[in-house]
Amino acid sequence: MNRRDLLLAGLAGTSLMGLPRLALAAPEPQLLTVSKRVLEVKGKPATVYGLTGPGGKPGLSMMLGEHFRVRVKNDTDSDTIIHWHGLTPPFGQDGVAMYGQPAIPPGGTLDYDFANTRSGTHWMHSHMGLQEQQLLAAPLIVQEVKEPLFDDQEHVVMLHDFTFRNPLEILAELQGGGGAHAGHAMQGMDHSQMNHSGSGEATMTGMAGGMGMLNDIVFDAYLANDRTLDDPEVVSVEKGGTIRLRIINGAAASNMWIDLGALEGELIAVDGNAIYPMKGTLFPIAMAQRADVRLKIPAEGGAFPVLFRPEGLKDRTGIILSTKGATVPKLASEGETTPALDLAQERLYRAVAKLPQEPVNRTEMLMLTGGEKNYLWGLNGEANPSQPLFTMRQGERIAVMMHNMTGMAHPMHLHGHYFKVMALGNTVIDGALRDVVLVPPMETVTIVFDADNPGSWPFHCHHAYHMHSGMMGTVGYTSAA
């Protein structure tokens, strides 16, 4: 027997003449490093977090079918942990401290190793304190094919709201009854469309039956790939070509609109899941949501701003798509006041993938509560409920009717599962597959999902300050219905 025969025998999993099977070593995990970095915003330096993969680029990109084998190294002086937002790993590998995993101490590492079944535009972020507000987040792109089938190029855009302040100080101020949220408890005045952002107060809007609030945090800047419109990223594109923008709203407390300006685009996926293409120039993207938008560059070329506009404000950020030789315009960091996000487009989204035709086993009611001057938020009237919101048995199909009893919208995120948007108010729809859905003030949104990933899973508002002030609970599995 020669060396070649031995090698082939081992790889084929057989044995010849009693020789043992050759074991193939598992590939080394990809290294993801959490670090501190200095970012210049509006001419001032700020120390923020970084999250870099192999080659020093932010985040990770991989192919569907690859085993998710990642080692997170913490090069900072604080505990941290990284959540894989958009993936559905087994319990204990989701990246949430006290949910089957420890935090990663300074200088420490933590390995993740699971079979990933989710392609699409996803992201990763800290689930420790308010580190997400300090830019501890990055893209997580899982490709189905090595080369785009329909587009000449792809580009990822990561959005953030930015503050020079320590977010823990902001939270303490809010919880102490001050800060931008203090005006939320005022009664007897018409605050319709008031914009006090420049004076340190929140943006409010008129609402049926009372007063609503769009923003309760005042930010110093809004970033697209770490840059403001003072020095935007310019993306080179080809005349007559197509580009797929993978847009991730990593903002801690800001819902936004995607404004394509002179271009008409097609929204082709939300939260990493394909929808039937929807044409338009304006698309909503709530906190933690993702939107894949396909754009056709005109044959004559030019420079085309793509703006991202926080609701209720004049502020904006963006990127510029530019063909060779085009004059890149200088853009103001403020424009017209942006309207509030609503569910008008959500009502029209239709998922390409369909759930199996199975009945809903039961419907759970989830009340979104709180938000008075004390900045205490909750679920079903309780802040950080100690008991599970509900339990379920593997194999069940569960509907959750979320009723927002507060004056602010809440982007609600369920870990470990995808859900289908089943109804908006009393209107049943065949909606999108998502992992985050916006529930506007005094409205009801119903979702449905299959209990197919046993464990104990967070269910929370993705507004970071609301989550850390009580709007976070748990759903769990049990052996009994």
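Me: How many bridges join strand 26 to strand 32?
Reply: This is a predicted model. Strand 26 covers residues 410-414 and strand 32 covers residues 456-461, and the two run antiparallel. One of the paired positions is methionine 412, with cysteine 461 as its bridge partner in strand 32. The number of bridges joining the two strands is three.

Me: Which strands stand at the edges of the open sheet with the order 24-33-32-26-30?
Reply: Five strands form this open sheet, and the pairing is mixed. Neighbouring strands of the sheet are turned by 25° against each other on average, direction ignored. An edge strand has a single partner strand, so one side of it is left without a neighbour in the sheet. The strands in that position are strand 24 and strand 30.

Me: Is asparagine 384 buried, partly exposed or exposed?
Reply: Asparagine 384 is found in the loop between strand 23 (377-379) and strand 24 (390-392). Its relative accessible area is 42%. Buried requires under 20% and exposed requires over 50%, so asparagine 384 counts as partly exposed.

Me: Which residues does asparagine 384 touch, not counting residues up to four places away in sequence?
Reply: Asparagine 384 and serine 469 are 85 residues apart in sequence, yet their C-alpha atoms are 8.0 Å apart in space. A contact here needs heavy atoms within 4.5 Å. The residues that asparagine 384 touches are Met467, Gly470 and Met472.

Me: How many residues of strand 7 are buried?
Reply: Strand 7 runs over residues 120-126. It pairs in the antiparallel sense with strand 5 (residues 82-85) over four bridges, and six bridges join it to strand 8 (residues 137-143), also antiparallel. Strand 7 is mostly covered, and its buried residues number seven of seven.

Me: Which residue in strand 8 is the bridge partner of histidine 122?
Reply: Strand 7 and strand 8 run antiparallel. On the pairing with strand 5, histidine 83 stands opposite histidine 125 in strand 7. For histidine 122, the bridge partner in strand 8 is leucine 140.

Me: What kind of aromatic pair do phenylalanine 68 and phenylalanine 114 form?
Reply: The count of aromatic pairs comes to seven. In the pair of phenylalanine 68 and phenylalanine 114, the rings are 4.6 Å centre to centre, with 20° between the planes. Planes under 30 degrees apart count as stacked, so the pair is stacked.

Me: How many residues apart are phenylalanine 68 and phenylalanine 114?
Reply: Phenylalanine 68 is in strand 4 (residues 67-74) and phenylalanine 114 is in strand 6 (residues 109-115). Both are buried, and both belong to an aromatic cluster with Trp84 and Tyr112. The pair links distant parts of the chain, the separation being 46 residues.

Me: What is the ring centre distance for lysine 44 over phenylalanine 164?
Reply: A lysine is taken to sit over a ring with NZ within 6 Å of the ring centre and within 35 degrees of the ring normal. Lysine 36 lies over the face of tyrosine 49 at 5.1 Å from the ring centre. For the charged end of lysine 44 over phenylalanine 164, the distance is 4.2 Å.

Me: What percentage of the residues in the protein is buried?
Reply: The protein has three helices and 33 strands. Its accessible surface comes to about 20,300 Å², of which 52% belongs to carbon and sulfur atoms. Of the 481 residues, the buried portion is 55%.

Notes
Residues are numbered from 1 along each chain as its sequence is written. This is a predicted model: local features need pLDDT of at least 70, side-chain atom pairs count only at pLDDT 80 or more; totals for chains, interfaces and linings use all residues. Side-chain values use heavy atoms; hydrogens and water are left out. Buried means under 20% relative accessible area, exposed over 50%, partly exposed in between (1.4 Å probe, protein chains only). Accessible areas come from the Shrake-Rupley method with a 1.4 Å probe; for residues, only the protein chains shown count as cover. Rings of Phe, Tyr and Trp (its six-membered ring) pair if their centres lie within 6.5 Å; planes under 30 degrees apart count as stacked, over 60 as edge-to-face and the rest as tilted. Two strands pair if DSSP finds at least two bridges between them. Axes are lines fitted to C-alpha atoms, for helices over the stretch in contact, and angles run from 0 to 180 degrees between N-to-C directions.
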